[in-house]
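Here's a quick walk through one protein chain and the ligand that comes with it. Have the viewer open and follow along.

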Amino acid sequence: MQGLHKYLSGDGDKMIELRIDDTKVEVKAGATVLEAALQAGVYIPNLCYHPDIPPIGSCRLCIVEIDGVRGVPTSCTTPAKEGMVVRTDTPKLQNLRKDILWLILSAYPGDPEKASQLRKVADWIGRKDLLPGSVPKPANILPAFDDPFFVRDLDKCILCGRCVRMCQDVRKTGAIGLVNRGIKTVVGTGGNAPLKDSGCKFCLACVEVCPSGALYDKEKLEEPERAKKLLPCVNTCPAGIDIPRYVRLIAAGKYQDALEVIREKVPFPLTLGYACNHACEEACRRGSLNSPISIRALKRFVAERDSGRWRSKLVIEPSTGKQVAVVGAGPGGLTAAWYLRQAGHAVTVFEALSEPGGMMRSVIPAYRLPRKVLAGEISEITAIGVKIVTNSEVKSIDVLFEQGFDAVFVAVGAPSGMKMGAEGENDPRIMDGICFLRAVSFGKKTDIAGEVLVVGGGNVAMDVARTALRVGSKKVTVLYRRTREEMPALPEEVEEAVKEGVKFRFLTAPEKISSSGKKLGVECILMKLGEPDAGGRRRPVPIEGSNIVIKADRIITAIGQRPAVPDGFALPLDKKCCIQADPETMACSRKGVFAGGDAVSGPASIIEAVQAGRKAAVSIDKYLGGSGVIDRPVIPAEEPPFCLGRDESFCSCERAGLPSISAAKRRSNFDLAELSLKEKDAIDAAKRCLRCELRLKISKAPMPPDKKE
Ligand code: SF4
Ligand code: SF4
């Protein structure tokens, strides 16, 4: 960040030489004696020093003796000078440090945590015995547990001031300071206000630099999970899009830069901006404060402003002479094709349907993902030379190899709807949800004008229910065997369905279907919730004797899908009909054959399929003799600004709702339901980000060596 490495690798050319404990040290002019010593591997005890924070020398542990200088100056505030002779560990200094440490610990309750810097420094210096009868006198300030993210246990504060300087001098947020006077001085907020009301931006830099254990995270953050937990948005996005970076660039009005950051990882920024299931938002840390960052809507905002600048930065490697066949033009197949073509391979994508896009084209309704958006992004893939052959169902991989392809990527999705297992479900008035959505997507007649029951609680069920209303159903009721809380569908999809008039019957499961006159009679059993299952959702338990009959004209099932892999592929499948492939390399048991996306994982999201395509591209490129490097930075990395500044309203700023067409207007057509963020709203939404990435960039404080030499 700043600090020590500024002098070790900074721009200043002038070097000076000094002696520290008989070691000759050369440092850049401007370094302090402490920094020069640390560079030379000479440890001087310190607590209030931190490489990223301006030094103040308040703890006085880093005192040294310097020839020709009176007293014992603090090395963190003394500039190194040419010819200086410094001693860091004389008996006099050792005794003085023990006295200083004694004073620090005399107000500390108990023993500092083993992992804390305070404990390590104390062990290194060695503790002085307390006078007989003397015990530490903490101020008895109760720990504050009511702030989000971290605890303030001020009895453990040694007033080193690192947190305050970080907040005031580096972040320039000024949420905390040293308040009260004399022995009552503590780290606090103005007027003892809650952190939320004091301008705190919850960057948690204060917690990161606290050496004493006075400020600590509520959540356990241990390696190797620490970085994942501190930056959950990036680590939840299957493709690992650098979300804080593009959000920060949007806040700064740099829309093309932001788009290029997204394009580094995915070829479908706009499609994902419309239809991603945005698991990153569920994980976003801002959600613990009030509401998560509108990550998906921000992606759509920049993708809608695409000037095409990124195209001039695209590099297509010279032809390798190798040919790859991709089976299935869904998100996984097209993503793999995009990267493999850039690596110089000739790529042909075979698609069984009349148009490419897979589930994005045939299942996601146009009111959520306009057809021209998807077609536009697919045309960028063909523009770099990927060939897409539609109406072309591949039945045998051998045939592809016979045609001269060197590698095959199987990305055929999971297009077969599952059966309910209810008696009488073969009635022709019972339809599978995926078939229904596909029929509507390709303009076929569906004849579902009457009362429709939709069975299921996921996103496909919501798409089916909302689509059924749009193609003329008089009444649509969703039957779900658990309650609304357990529904796997995104909450906003359920809300929009309710607004459009879809009815819900929870804790209800069909058991038997019979014809009763013109209508279907659906015998259902009512459920109650039992113990949680392996996934953590409470299990539905039938209530004996609670059967009811519901009348309907049509039933559409949306209770899950599975792949339909042709036997001619000769690929081993698991019990759920999914292709068995290595989850990292996507390699199948057949040489030169790779598989990914829903065909391997079972039904998943667009972005998970995209990531499967990315992984497959890496492996296939390596298999064909390439480097396997698909991520080529489109935009050079910039150092994020460490200063956050002050904004009194930062914490109270809520996530703005996305504008949409009124339910009454949209429920009878396939026009886009959700509108774009306006520019000002997008910038405000981006500015809400907690900039969680900054904490990971804070330097480590210098710790004592394991053993005193
Ligand atoms: S809370 Fe921690 S970082 Fe802040 S002054 Fe106290 S000991 Fe230092
Ligand atoms: S607040 Fe920003 S950086 Fe932190 S998890 Fe949310 S989007 Fe990511």
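## The chain as a whole

Of the 709 residues in the protein chain, 45% are buried. Keep in mind that what you're looking at is a predicted model. The chain holds 24 helices and 24 strands, and its C-alpha trace spans about 105 × 65 × 45 Å along the principal axes.

If you like contact maps, take the contacts between residues at least 6 apart in sequence: 69% of them join residues at least 24 apart.

## Domains

The domain assignment cuts the protein chain into four pieces, listed here:

- domain 1 covers 4–125
- domain 2 is made of 229–311 + 654–687
- domain 3 is made of 316–415 + 563–623
- domain 4 covers 416–562

So much for the bounds; now a distance. Between the C-alpha centres of domain 1 and domain 2 there are 47 Å.

## Around ligand 1

Next stop, the ligand. Ligand 1 is surrounded by 13 residues, and the closest of them are C157, C160, C163, C210 and A214. What sort of residues make up the shell around ligand 1? The split is 10 nonpolar, 2 polar and 1 charged. If you're wondering where the cysteines fall in that count, Cys goes with the nonpolar group here.

## A covered helix

Helix α10 runs over residues 255–263, and 8 of its 9 residues are buried. Charged side chains show up on that list too: the buried set is Y255, D257, A258, L259, E260, V261, I262 and R263.

Which helices help cover the buried residues of α10? Among the elements doing the covering are α9 (243–251), α11 (269–275) and α13 (295–303).

## Strand β15 and its partners

Strand β15 (residues 451–455) is mostly covered as well, with 4 of its 5 residues buried. It pairs with strand β16 (residues 475–479) in the parallel sense, over 5 bridges. To get from β15 to β16, the chain passes through helix α19 (residues 459–470), and this β-α-β crossover is right-handed.

β15 has another parallel partner in strand β22 (residues 554–557), joined to it by 4 bridges. V455 is a handy residue to click on here: its bridge partner in β16 is L479, while in β22 V455 stands opposite T557.

Technical notes: Residues numbered from 1 in each chain as written. Chains lettered and ligands numbered in written order. Predicted model: local features only at pLDDT ≥ 70, side-chain atom pairs only at ≥ 80, totals over all residues. Near = placed C-beta within 6 Å. Buried ≥ 20, exposed ≤ 12 C-beta atoms within 10 Å, placed from the backbone. Helix = DSSP H or I, 4+ residues; strand = E, 2+ residues; numbered from the N terminus. Pairing = 2+ DSSP bridges. Right-handed = clockwise from strand over helix to strand, strands pointing away. Domains from an automatic or database assignment. Contact = placed C-beta atoms within 7 Å.
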